[in-house]
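Reader: I would like a close look at one part of this model: the charged pairs that hold side chains together. Please start with a single pair and work outward from there.

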Amino acid sequence: MIEELRQTCRKLLEDGTVNVVIAYGQSDPEGPVYPIFVTKPDDAEKIVWNKQCFANLTTYLTRKEVKALGRIAVLVKGCDARSLVVLEQESQVDRAMVHVIGLACGGVGEPNPAGKCTVCEVHMPRGTDQIIGSVPETVSDSQDRYAAVEEFMKKSPEERLAFWKKEFERCVRCYACRGACPLCYCNQCIVDKNRPVAIDTSASLKGNFAWNITRAFHLAGRCVGCGECTRVCPAGIDLRLLNESLARSAERNFNYRAGMDPETPPVIGTYNAEDKENFIR
Amino acid sequence: MITQQALRALVDEWIGAGTKVAGPSYVKKDFCQYVPLASSAELLLEGFIHPRNSIKEFFFPRHEKIYEYALKGHEVELADMSPASTPQVIIAARPCDTAAVAILDAVFNWGDKDEFYTRRRDAATIVALACVQHDSQCFCTSVGLGPDAEKGADAMLLPMDGGFEVRCITDKGRALFAGRTQSSDKTAVIPEGPKVKMSPEQVRKALEDYENPLWKTATLRCLSCGACSFTCPTCHCFDIVDEGNAHGGCRAKNWDSCQLCMFTKHASGHNPRNVQGQRQRQRTQHKFRIYPDKFGEVLCTGCGNCARNCPVSLGVLGTLIELCAEMPESVGESK
């Protein structure tokens with residue numbers, strides 16, 4: 001599979017289909033895997049695909065430094081492909097300008113699979129230009145996507161608040177969650193607005209609640225559950241749990257799941273006269 | 001020496017006497033940080049390489065009020081915040097963290113004394129824990145430190161059979177352990193640290209080339225967050241902000257990072273470091289060229305936290321190795 005992947009990327013660069021391939025690289029087989037930007041055909045040899053390929057590379061598609069490189073090919077897993085759908089629906093990515101290489105994925109994380117992979121139902125990426133590899137037969141799609149939220153919701157509201165207080169107390173406001181999130185693409189993030197200040201920049205409990213809750217709300221009905229926020233948080237806060245709870249609400253109330261189908265209009269951007277709430281009429 | 005049991009009893013004694021004690025602890029599964037300890041049972045003394053944060057926050061908190069204000073009619077009332085001076089002990093800090101505090105002392109006492117920092121610092125005793133393990137991100141030996149480097153520490157614990165050899169370095173350290181150790185004919189054997197991975201002198205030379213193409217290519221993957229700076233034991237930049245409303249509020253000193261887009265943004269809207277490569281270059285320049293010019297030592301202790309905490313594993317070490325790999329020929333060529 002890796003040879004097919006490298007050959008594909010090499011060819012895309014050689015024949016000029018793209019100027020850059022956003023892929024995974026690893027300098028030390030024991031060390032971490034990280035995003036690489038391959039611009040020379042020979043460098044396609046540096047591309048890797050293994051259980052450490054956590055990053056959602058679609059986050060780079062909206063960055064000006066990356067866009068400046070020209071036409072882009074990007075590797076996506078099933079979960080990453082969902083964020084690409086949202087980016088396209090929100091007019092952030094011109095899908096025709098990006099060559100999407102889907103990687104059939106049996107899950108990342110070793111020895112323990114990443115949390116998102118234990119409830120994955122998109123092992124095979126959708127809406128890509130091509131797919132490389134196949135999903136191992138031992139891997140099946142989960143039907144229990146909100147297991148963690150359901151478990152968490154068994155706690156009382158007081159216990160849940162106490163839990164988040166303890167978690168948010170550790171937040172240092174580094175904004176790694178924002179940086180890694182493909183859907184945090186605002187030109188100016190609300191937390192960077194300082195005339196006047198909208199959200200306290202202080203890493204106080206008040207400021208941290210304001211930041212993390214505002215970010216979660218901005219991702220309501222948009223978050224695809226790629227789990228990058230949780231993975232990158234240097235304070236070990238399980239931010240995905242917050243987003244999953246809102247995703248569950250979007251599905252329960254509006255039968256909507258972000259990034260699953262490009263033809264379904266985004267729940268936040270849709271008007272429906274049949275809505276159960278009266279204010280809309 | 002001191003047995004582990006006696007050490008834990010001593011830690012509980014400090015806590016009982018009202019001293020704030022902080023040290024490495026698992027705050028959740030597989031996630032270790034330096035945190036204030038409620039009891040010695042929480043203290044981790046083995047089995048970890050480096051906590052995900054540093055000890056700087058016990059002297060230089062991420063958020064600290066400088067003063068409070070209140071508007072009463074047409075009057076403004078200001079209230080000074082008294083910097084905390086509660087005695088505190090930082091226990092089992094890695095030598096790369098204690099060394100960083102010695103570096104920070106120079107910054108926070110340069111010109112005006114930062115009272116908030118120095119008062120906390122004066123009231124603190126730092127006990128280091130020598131390293132018997134290291135990982136691929138550790139590079140203390142490349143910046144003149146090592147697994148039992150004493151810089152910044154008042155005392156050091158060196159793991160040995162049955163407990164720790166106690167090395168008292170300052171009067172504060174001696175006072176902490178006076179009468180609490182027992183003699184032993186054995187001494188601790190500390191293994192060698194990581195191999196030397198780069199040379200600050202070579203880095204310094206490479207950094208003379210401001211337009212090195214590396215800053216445009218190797219930093220493309222940087223996500224513009226502050227995880228590196230905020231978990232770095234030596235990064236010390238802060239922002240002064242006003243928070244509150246028409247009735248009252250405070251002026252606060254908050255951690256800031258040169259990697260965030262707002263760091264250099266002018267009121268006019270102009271941003272002299274508008275792309276991430278420039279910000280990466282700045283952080284490296286500050287650590288290995290600008291800071292040494294002013295204070296005579298590099299602003300890095302080789303702890304490796306930048307790489308460990310980076311969402312895309314872009315640490316200082318990897319960048320420097322790549323930078324130096326192009327040396328010396330490419331320095332002239334790239335222009």
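Author: Start with A:Arg10. This is a predicted model, and in it A:Arg10 is buried, with a relative accessible area of 17%. That value falls under the 20% cut-off, so the residue counts as buried. Its partner is A:Glu45. The two side chains form a salt bridge, with N and O 3.8 Å apart. The pair joins distant parts of the chain. A:Arg10 sits in helix H1 (residues 2-14) of chain A, while A:Glu45 belongs to the loop between E2 and H2 of chain A, 35 residues apart. A:Glu45 is partly exposed, at 37% relative accessible area. So a buried arginine meets a partly exposed glutamate. The pair also belongs to a network of salt bridges, which links A:Arg10, A:Glu14, A:Asp42 and A:Glu45.

A second pair in chain A is A:Asp129 with A:Arg95. Their closest N and O atoms are 3.1 Å apart. This salt bridge also links distant parts of the chain, 34 residues apart. A:Asp129 lies in the loop between helix H4 (115-118) and strand E5 (130-132) of chain A. A:Arg95 lies in the loop between H3 and strand E4 (98-103) of chain A. Here the arginine is buried, at 15% relative accessibility. The aspartate, A:Asp129, is partly exposed at 42%.

Now the domains. Chain A divides into domain 1 (2-132) and domain 2 (147-254). Their C-alpha centres are 25 Å apart. One salt bridge is counted between them. The side chains involved are A:Arg222 and A:Glu90, at 2.8 Å from N to O. On the domain 1 side, helix H3 (residues 78-89) of chain A gives the most, with five residues. That side divides into six nonpolar, six polar and four charged residues. Contact involves 16 residues of domain 1 of chain A and 14 of domain 2 of chain A. The area buried between these domains is about 1300 Å², with 58% from carbon and sulfur atoms. A:Glu90 appears again here: together with A:Thr59 and A:Lys116, A:Glu90 supplies 30% of the area that domain 1 of chain A buries against domain 2 of chain A, more than any other three residues. The interface of the two domains also has nine residue pairs in polar contact.

Next, chain A against chain B. Again the count is one salt bridge. A:Glu167 pairs with B:Lys28, and the closest N and O atoms are 3.1 Å apart. There are also 14 residue pairs in polar contact. The contact takes 41 residues from chain A and 34 residues from chain B. The area buried between the chains is about 2800 Å², of which carbon and sulfur atoms give 55%.

Last, a pair within chain B. B:Asp105 and B:Arg121 form a salt bridge, with the closest N and O atoms 2.8 Å apart. B:Asp105 is in helix H2 of chain B and B:Arg121 in helix H3 of chain B, so the pair ties together parts 16 residues apart in sequence. B:Arg121 is buried, at 13% relative accessibility. Other buried residues of H3(B) include B:Phe116 and B:Tyr117. Helix H2 (95-108) of chain B is among the elements that cover the buried residues of H3(B). The N-terminal end of H3(B) is capped by B:Asp114, with a side-chain oxygen 3.0 Å from the backbone nitrogen of B:Phe116.

Over all chains, the count comes to 38 salt bridges.

Key:
Residues numbered from 1 in each chain as written. Chains lettered and ligands numbered in written order. Predicted model: local features only at pLDDT ≥ 70, side-chain atom pairs only at ≥ 80, totals over all residues. Heavy atoms only, no water. Contact = heavy atoms within 4.5 Å. Buried area = accessible area lost by both parts, 1.4 Å probe. Salt bridge = Lys/Arg side-chain N within 4 Å of Asp/Glu carboxyl O. Polar contact = N/O pair within 3.5 Å; in protein donor to acceptor, adjacent residues only side chain to side chain. Buried < 20%, exposed > 50% of the residue type's maximum accessible area, 1.4 Å probe, protein only. Helix = DSSP H or I, 4+ residues; strand = E, 2+ residues; numbered from the N terminus. Domains from an automatic or database assignment. Nonpolar A, V, L, I, M, F, W, Y, C, P; charged D, E, K, R; others polar.
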